[in-house]
Amino acid sequence: MILLLLSCNKENVVEPIHENPEVTLNTPQGFPALNSAANKNKPTKYGIELGEKLFHEKKFSGNNTISCADCHKQSSAFADNNIQAIGIYGRVGLRNTPPIQNLAFMKFYNWDGNKLTLESQPLVPIITHEEMNSSIMEVIGKIRVESEYTDLFKKAFGDDHITPDRIYRSIAQYEYTLISANSKYDKVKQNKGEIFTESEARGYQVFQQKCASCHSGELFTDQSFRNIGFPLNPSLEEAGRGRVTGIPADYMRFRVPSLRNAEYTAPYGSFGQFSTLRAVLDYLDNGVLDDDNLDPILKENGNRIPLSEQQKDDIISFIKTLSDHAFVGG
């Protein structure tokens, strides 16, 4: 009996194996293909669960008050409705918080496209003075003592080692699942029992004529960078895409945003220049700021996109058909 007990050491204890199946990301009809990073970091059951928990973790900030979810609220299509992002101690950031939806199909991230993969993005808010004002090692030190985290890391990655790379990968896996493609527009296009109102139908036609050069495809963005003459951010730190490339021609060019769920994401513009969709259309109609690299579409039309009041109403009616109520939890 003694010999039998001695033989039952730790090496012979078989721990339960947690299956961690991959979760398929279904590409909605007409959407671009998944980006290459999403194919390399395929979401899994526990990777997503861990990523969602980390996304809501306030210990990411230096004083344990700010999580990713505090600036990316589901009810606002994962934006926050502030003019500029507000972080730790009420510090105001450089830009407006962009919504995070359909990121698995995007080529660039952030207003200036300074990140090409989601996995490289989470560190930015963690270390930024105006956002979380912390460090990844400080974050790991806080969460590694919690058994719920060590258990989830083990389920997601095979052991309980908490590393920066695993944190970034799991958050990205969760964000890859935030797919919005169930709006009235989608149901109309797919003949699922919805039809446009007269105003929405007119708005769709005007949109195709006046807006679709930039807001094209099923994502309603061509993912390009353009200067469309919006009022300038007074911060000397701002240079738009030029901040990344150092090319003068990229000065004040910003990534064309998707218009899906735009109804929920006011204010609009790289630093919240416009409080409403109507304000955006009024500005484009009245004339925009001139610049050497102003988009040719505007230059060729006298630095404006002429619109009647009826056309503005109809475009807004159409944009609201891009609202996915289930996605925002409505």
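This is a guided tour of the structure above, stop by stop, for you to follow in your viewer.

**Before you click**

You're looking at a predicted model, where local features need pLDDT of at least 70, side-chain atom pairs count only at pLDDT 80 or more, and totals for chains, interfaces and linings use all residues. Residues are numbered from 1 along each chain as its sequence is written, and side-chain values use heavy atoms, with hydrogens and water left out.

**Stop 1: the whole chain**

Start with the C-alpha trace, which spans about 95 × 50 × 30 Å along its principal axes. Switch to cartoon and you have 14 helices and two strands; these are DSSP runs, with helices being H or I of at least four residues and strands being E of at least two, numbered from the N terminus.

Now turn on the surface. The chain's accessible surface comes to about 16,300 Å², and 53% of that belongs to carbon and sulfur atoms (Shrake-Rupley method, 1.4 Å probe; for residues, only the protein chains shown count as cover). Of the 330 residues, 48% count as buried. Buried means under 20% relative accessible area, exposed means over 50%, and partly exposed is in between (1.4 Å probe, protein chains only). As for contacts (heavy atoms within 4.5 Å), residues 24 or more positions apart make up 68% of those with a separation of 6 or more.

**Stop 2: helix H10**

Select residues 198-210. That's helix H10, 13 residues reaching 18 Å from the first C-alpha to the last, close to the 18 Å expected at 1.5 Å a residue (the expected span is 1.5 Å times one less than the number of residues). Show side chains for Ser 199, Glu 200, Gly 203, Tyr 204, Val 206 and Phe 207, which are buried. An α-helix has 3.6 residues a turn, so residues three or four places apart point the same way. What do the buried residues of H10 pack against? Bring up helix H9 (184-189) and helix H14 (309-320) to see their partners.

Stay on Glu 200 and add Lys 184: they form a salt bridge, with the closest N and O atoms 2.8 Å apart. (A salt bridge is a side-chain nitrogen of Lys or Arg within 4 Å of a carboxyl oxygen of Asp or Glu.) Glu 200 lies in H10 and Lys 184 in H9, so the pair ties together parts that are 16 residues apart in sequence. Glu 200 is buried at 11% relative accessibility, while Lys 184 is partly exposed at 21%.

**Stop 3: two cysteines**

Next, pick Cys 211 and Cys 214. How many disulfides does the structure hold? Zero, with a disulfide taken as a pair of cysteine sulfur atoms within 2.5 Å. For Cys 211, the nearest cysteine sulfur is that of Cys 214, 8.8 Å away. Cys 211 counts as buried at 17% relative accessibility, and Cys 214 is buried at 13%.

**Stop 4: Gln 223 and Arg 226**

Move along to Gln 223, in the loop between H10 and S1. Its phi is near 65°, a positive value in a residue other than glycine. Gln 223 is buried, with a relative accessible area of 8%.

Now select Arg 226 and Asp 295, whose closest N and O atoms are 2.9 Å apart in a salt bridge. Arg 226 sits in strand S1 (residues 225-226) and Asp 295 in the loop between H12 and H13, 69 residues apart, so to speak a link between distant parts of the chain. Is this pair buried or exposed? Both Arg 226 and Asp 295 are buried.

**Stop 5: more salt bridges**

The structure holds 26 salt bridges. Try Lys 299 and Asp 290, which meet at 3.3 Å, N to O. Lys 299 is partly exposed at 38%, and Asp 290 is exposed at 53%. Then select Arg 278, Asp 282, Asp 285, Arg 304, Glu 309, Lys 312 and Asp 313: salt bridges with shared partners join them into one network.

**Stop 6: a nonpolar patch**

Color Leu 232, Tyr 251 and Leu 289 to see a nonpolar surface patch with about 270 Å² of accessible area together. Patches use residues with over 30% relative accessible area and no salt bridge, joining like charges within 9 Å and nonpolar side chains (Val, Leu, Ile, Met, Phe, Trp, Tyr) within 5 Å. Leu 289 is in the loop between helix H12 (277-286) and helix H13 (296-299).

**Stop 7: backbone oddities**

Finish with the peptide bond from Ala 266 to Pro 267, which is cis, with omega near 0°. Pro 267 is in the loop between strand S2 (254-255) and H12. Last, Asn 81 has a positive phi of about 70° although it is not a glycine.
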